[in-house]
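Here's a quick walk through this one, from its ring cluster out to its shakier end. Have the model open while you read.

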Amino acid sequence: SHSGLPKSEQEVCFFAWIAELPEKGDIHRFFLRALCGRWTGPAKRNYNGEPDAHEVEELADRLAAQYRHRGSVMDLQGCVNISGPIEKKCVGKLRKRLEKAYQALDEADDPEELARNAADVTLLEELVDQASKLTPAVELVRLQAALKTSSFKSLAWNRGET
């Protein structure tokens with residue numbers, strides 16, 4: 001229990017950083033998230049070994065253009081191909097990330113399922129679970145309220161809590 005600690009050590013803080021993706025449509029966002037490793041599973045990232053952000057965005061632009069004739073992310077099912085002209089040029093982490101994203105897309109029955117199976121959603125669920133175990137009851141109420149606010153709306157939605 002926190003009550004036995006000095007007052008200055010009773011506070012528990014959790015922070016979540018949320019990226020704001022460019023407004024270039026759902027298909028572009030799918031590729032951007034894929035190239036950032038959204039479906040590769042929870043993993044520690046070596047940020048020095050990550051591809052350059054400009055390279056990732058440029059590749060997402062090219063992939064979105066390649067599949068521009070598709071109307072939605074779910075319309076990509078059955079048509080994305082790791083052997084496609086743009087995909088063939090991908091190597092290393094980016095290729096593995098695309099493979100995982102294509103597999104997740106292929107296995108999903110709907111966009112909500114695709115979002116639920118993403119690594120960042122899994123990590124958020126783990127963080128909320130840790131917070132609930134470590135946070136005193138009053139702070140837990142504040143955490144629940146924070147998850148319902150607009151800044152966390154998309155994260156909560158991905159967890160199916162709308």
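## A cluster of rings

Start with the aromatics: Phe30, Phe31, Trp39, Tyr67 and Tyr102 are joined into a cluster by ring pairs. Keep in mind that this is a predicted model. The aromatic pairs in it number four, and two of them are worth laying out next to each other.

| Pair | Geometry | Centre to centre | Angle between planes |
|---|---|---|---|
| Phe30 and Phe31 | edge-to-face | 5.3 Å | 70 degrees |
| Phe31 and Tyr102 | edge-to-face | 6.4 Å | 75 degrees |

Phe31 turns up in both rows, paired with Phe30 in one and with Tyr102 in the other. The Phe31 and Tyr102 pair ties together distant parts of the chain: Phe31 belongs to helix H1 (residues 26-35) and Tyr102 to helix H3 (residues 92-107), with their positions 71 residues apart.

Are these rings buried or exposed? Phe31 is buried, at 0% relative accessibility. Phe30 is buried too, with a relative accessible area of 3%, and Tyr102 counts as buried at 8%.

## Ala60, up against the first helix

Now look at Ala60, which sits in helix H2 (residues 53-66). Ala60 has a relative accessibility of 0%, so it counts as buried. What does Ala60 touch once its neighbours within four places in sequence are set aside? The contacts are His28, Phe31, Leu32 and Leu35. Phe31 is therefore a residue to keep in view, as it is buried at 0% relative accessibility and also part of the ring cluster. As for Phe30, its C-alpha is 8.5 Å from that of Ala60, although the two are 30 residues apart in sequence.

## Two cysteines, no bridge

How many disulfides does the model have? The count is zero. For the record, a disulfide is a covalent bond between the sulfur atoms of two cysteines. Here the cutoff is a pair of cysteine sulfur atoms within 2.5 Å. Cys36 and Cys90 also have unlike surroundings: Cys36 is partly exposed, with a relative accessible area of 42%, while Cys90 is buried at 5%.

## The chain as a whole

Zooming out, the secondary structure amounts to seven helices and zero strands. Read from the N terminus, that gives α-α-α-α-α-α-α. The chain has 162 residues, and 30% of them are buried. Its accessible surface is about 10,500 Å², with carbon and sulfur atoms making up 52% of that. Among contacts with a separation of 6 or more, 68% are between residues 24 or more positions apart.

## How far to trust it

Confidence varies along the chain. The average pLDDT is 78, and 73% of the residues score at least 70. Which elements have the highest and lowest mean pLDDT? Helix H2 has the highest, at 94, and helix H7 (residues 153-158) the lowest, at 44. Residues 150-162 have a pLDDT below 50, yet this stretch still has 25 contacts in the model beyond near neighbours in sequence. Ala60, by comparison, lies in H2, the element with the highest mean pLDDT.

Definitions and conventions:
Residues numbered from 1 in each chain as written. Predicted model: local features only at pLDDT ≥ 70, side-chain atom pairs only at ≥ 80, totals over all residues. Heavy atoms only, no water. Buried < 20%, exposed > 50% of the residue type's maximum accessible area, 1.4 Å probe, protein only. Helix = DSSP H or I, 4+ residues; strand = E, 2+ residues; numbered from the N terminus. Contact = heavy atoms within 4.5 Å. Areas by Shrake-Rupley, 256 points an atom, 1.4 Å probe, with all protein chains shown as cover. pLDDT = per-residue confidence, 0-100. Phe/Tyr/Trp six-rings, centres within 6.5 Å; stacked < 30°, edge-to-face > 60°.
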